[in-house]
Amino acid sequence: MEMDKFANKKVGIMGGAFNPFHNGHLRHAIEIAEELDLDAIDLLVSFNHPQKEGLLPFELRIQCIEKSVHGLDFIHINRIEENICGPSYTDVILYEWKKAYPHAIPYFLMGIEDFKALPTWHNGLSLHTAANLVVVARLGKTAQDFYQIAKSYWDGCFIQEENSSLPLAKQKKVKLFLDDTCICTFINIPTLNIDATSIRKLWATKRNIKGLVHDDAITLLARQEEIVKKYWK
């Protein structure tokens with residue numbers, strides 16, 4: 001049995017198709033790890049996402065990530081989804097993750113748009129029982145927006161601000177409590193305005209994606225051009 005490499009460690013679980021993994025993803029992982037004092041970031045790579053068109057083969061996406069995070073030992077790559085039978089629901093994946101790393105302290109990372117969509121997820125409003133939730137500000141949304149969403153889910157929840165002298169809309173970090181237990185943290189961190197869809201369009205039209213994707217990953221994509229162009233059109 002594999003040793004629990006995350007035993008007694010605070011681990012941020014970051015899922016995605018990573019098609020491709022880009023510098024926005026990388027900066028996102030670093031900022032969150034530093035803001036929350038996490039010991040590790042574990043990247044859960046989607047194996048087969050039915051809602052994602054033009055998805056590069058799993059192994060090629062893994063290789064791009066390996067090139068991008070080389071030398072950053074706190075960032076790990078997790079292939080757990082390729083071994084899950086049936087729908088890859090988030091709660092199912094987290095259950096399997098916790099079986100693999102029973103002594104870790106998991107933090108599941110999501111954007112505020114995903115947090116707003118939790119009721120549509122499989123057992124979404126119970127996800128906080130599987131891992132500490134971390135909601136990242138996006139699209140100008142604030143801690144005030146976050147709290148309004150949370151109150152519509154959990155009656156009686158309350159927040160604790162990082163800086164009591166600031167109004168809620170200006171807070172950079174707040175913790176959400178339910179029955180005196182912290183179930184979620186909202187953070188507003190610096191982000192890079194990069195998205196994978198734009199990168200794929202640039203690549204397909206033979207534009208230069210340097211600065212958006214790690215140089216070694218770009219070299220890999222160039223070597224695998226015949227495969228890539230079957231998916232990125």
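Here are some numbered notes to help you find your way around this predicted model.

1. A good place to start is the overall make-up. The protein contains eight helices and eight strands. Its radius of gyration is 18 Å, close to the 17 Å that the globule rule gives for 233 residues, so the protein is as compact as a globular protein of that length. If you want a feel for its dimensions, the C-alpha trace spans about 55 × 45 × 35 Å along the principal axes.

2. Next, the inside and the outside. Of the 233 residues, 46% count as buried. The surface that the protein exposes comes to about 12,600 Å², and carbon and sulfur atoms supply 48% of that area.

3. How do contacts spread along the chain? Taking contacts between residues at least 6 apart in sequence, 69% of them join residues at least 24 apart.

4. Now look for the sheet. This is an open sheet of eight strands with mixed pairing, and the order to trace on screen is β3-β2-β1-β4-β5-β8-β7-β6. The edges are held by β3 (75-78) and β6 (158-161); each has a single partner strand, so one side of each is left without a neighbour in the sheet. From one strand to the next, the twist averages 30 degrees.

5. For a closer view of one pairing, try β1 and β2. Strands of a sheet pair through backbone hydrogen bonds, either parallel or antiparallel. Here, β1 (residues 10-16) and β2 (residues 40-45) pair in the parallel sense, over six bridges. A handy landmark is Met14, which stands opposite Leu43 in β2.

6. Which strands does helix α5 lie across? Helix α5, made of residues 143-153, lies across β5 (132-136), β6, β7 (173-178) and β8 (181-187). Its direction is easy to check against β7, since α5 runs at about 10 degrees to that strand.

7. Finally, the cysteines. A disulfide is a covalent bond between the sulfur atoms of two cysteines. How many disulfides are there? With a cut-off of 2.5 Å between the sulfur atoms, the count comes to zero. Take Cys182: the closest cysteine sulfur, in Cys184, is 7.4 Å from its own, which is too far for a bond. Buried or exposed, where do individual cysteines stand? Cys64 is buried, with a relative accessible area of 2%, while Cys182 counts as partly exposed at 26% relative accessibility.

Definitions and conventions: Residues are numbered from 1 along each chain as its sequence is written. This is a predicted model: local features need pLDDT of at least 70, side-chain atom pairs count only at pLDDT 80 or more; totals for chains, interfaces and linings use all residues. Side-chain values use heavy atoms; hydrogens and water are left out. Two strands pair if DSSP finds at least two bridges between them. Helices (H or I, at least four residues) and strands (E, at least two) are DSSP runs, numbered from the N terminus. Axes are lines fitted to C-alpha atoms, for helices over the stretch in contact, and angles run from 0 to 180 degrees between N-to-C directions. Contact means heavy atoms within 4.5 Å. The radius of gyration is taken over C-alpha atoms; the globule rule is 2.2 Å times the number of residues to the power 0.38. Buried means under 20% relative accessible area, exposed over 50%, partly exposed in between (1.4 Å probe, protein chains only). Accessible areas come from the Shrake-Rupley method with a 1.4 Å probe; for residues, only the protein chains shown count as cover.
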